[in-house]
Amino acid sequence: MKHKLLQHAEIPPLRDTELHTRYDVHPLWKESDPQAFLVEHGPAFSGYVTSARFGVDEATLAALPNLKVISSFGVGTDTLPLEAASARGIAVGYTPDVLNDCVADTAFGLVMDVARRFSAADRFVRRGDWLKGQYPLATRVSGKRLGILGLGRIGQVVARRASGFDMEVRYHNRRPNPSVPYAYEATLESLARWADFLVVVSAGGPETRNLVSSDVLRALGPKGYLVNVSRGSVVDEGALIQALQDGAIAGAGLDVYADEPRVPDKLLGMEQVVLLPHLASATHETRQAMADLVLENLDSYFSTGKLRTGVPAST
Ligand code: 8YV
């Protein structure tokens, strides 16, 4: 008999895997009253398929008394109920590493775009403004200083990209990492003071909430740029808007926001920001690799009792 899985939302590349042939998958998002469905059918499901974006809320978890495994599409764990799952012995899988390159590429794309103002220049050409005069000079990227908040798996790939641009790299983590060749700054403020570009790639969640504060932005300074490809919650968005309005920093490249998909109107009106719709991992290749890993985690769990890539605290 096939294991019964509940799938929270449509995750397109999962259709190109064997998920539906190997499992009996029920699409929760098609239910008009998901809570009522859970009350009636919750006990039937042993697996839950979701994404880093949608996660699993505690009420859903409580309605699934026979749940054994959660398989999440994404590396972020801030929307997953890790403590409650671990207390009930539910295994939680996620998709680290396969998205490192594309997220690092996006971080670098934002560094380039916000400094060289390519997106704004594209708008300039389309408006016909080139016929009226030259586009203003921008800021050089090569050879500059790149500060990384969160030198983890993705941060280290960003650092490698930076070396190709002859940039000097320093980082701030909770603790220094003795195995990396980059200088450690003991505080985020000192990293921001040193950096021309501050790139945020740390994990989201309560421990990193609003780490990028108005003090950090002031330390980055009027010639500094902020790039965020991690979670909107890591940056105090109100302080960021204020810093951009005051010219306290030069610009920002953002893929993530505090309340996605809502982007504050004030940011929409600013020419010195580049705004992306949380697309860092969104390439055919990477999203397929993530979907494959969601399936591999389920297969591995149901055949061996162990995930291929389990969230560390939960395994
Ligand atoms: C995706 C992400 O946007 O992996 C993450 O944590 O934020 C992204 O890769 C997300 O998983 C898609 O729902």
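**Exercise 1. Find which stretches of the chain form domain 1 and domain 2, then describe how the two domains meet.**

*Solution.* Start with the division of the protein chain: domain 1 takes residues 4-98 + 284-314, and domain 2 takes 100-275. Keep in mind that you are working with a predicted model. Next, find the centres of the two domains over C-alpha atoms; 32 Å separate them. Then look at the contacts: five residues of domain 1 are in contact with seven residues of domain 2. Finally, sort the residues on the side of domain 1 that touches domain 2, and you get one nonpolar, two polar and two charged.

**Exercise 2. Place the two UniProt domain annotations on the chain.**

*Solution.* Take the catalytic annotation to begin with. An unreviewed UniProt entry gives "D-isomer specific 2-hydroxyacid dehydrogenase catalytic" for residues 9-309. The end C-alpha atoms of that span lie 21 Å apart, and the span is 36% helix and 15% strand. Now turn to the NAD-binding annotation, "D-isomer specific 2-hydroxyacid dehydrogenase NAD-binding", which the unreviewed entry places at residues 108-280. For residues 108-280, the end C-alpha atoms lie 10 Å apart, with 33% helix and 16% strand.

**Exercise 3. List the residues around the ligand and sort them by character.**

*Solution.* Walk along the chain and collect the residues around the ligand: Ser-51, Ala-52 and Arg-53, then Phe-73, Gly-74, Val-75 and Gly-76, and after these Leu-99, His-278 and Ser-281. Now sort this shell: four residues are nonpolar, five are polar and one is charged.

**Exercise 4. Work out which residues of helix 7 are buried and what covers them.**

*Solution.* Helix 7 spans residues 153-163. Using the cut-off of 20 or more other C-beta atoms within 10 Å for a buried residue, you should find Ile-154, Gly-155, Gln-156, Val-157, Val-158, Ala-159 and Ala-162. Then look at the cover over these buried residues, which includes helix 5 (100-116), strand 6 (145-149), strand 7 (168-172) and strand 9 (197-200).

**Exercise 5. Explore the largest nonpolar core and the contacts of Ala-107.**

*Solution.* A general point helps here: in soluble globular proteins, nonpolar side chains tend to be buried together. In this model the largest nonpolar core has 88 residues, and those touching the most other members are Ala-107, Val-158, Val-199 and Val-227. Helix 5 supplies the largest share of this core, nine residues. Domain 1 and domain 2 each give the core at least three residues. To finish, trace the contacts of Ala-107, leaving out residues up to four places away in sequence: Ala-107 touches Val-158, Val-199, Val-201, Val-227 and Val-229.

Technical notes
Residues numbered from 1 in each chain as written. Predicted model: local features only at pLDDT ≥ 70, side-chain atom pairs only at ≥ 80, totals over all residues. UniProt positions renumbered as here; feature names shortened; annotations may be inferred. Helix = DSSP H or I, 4+ residues; strand = E, 2+ residues; numbered from the N terminus. Buried ≥ 20, exposed ≤ 12 C-beta atoms within 10 Å, placed from the backbone. Contact = placed C-beta atoms within 7 Å. Near = placed C-beta within 6 Å. Nonpolar A, V, L, I, M, F, W, Y, C, P; charged D, E, K, R; others polar. Domains from an automatic or database assignment. Core = buried A, V, L, I, M, F, W, Y, C linked by C-beta atoms within 7 Å.
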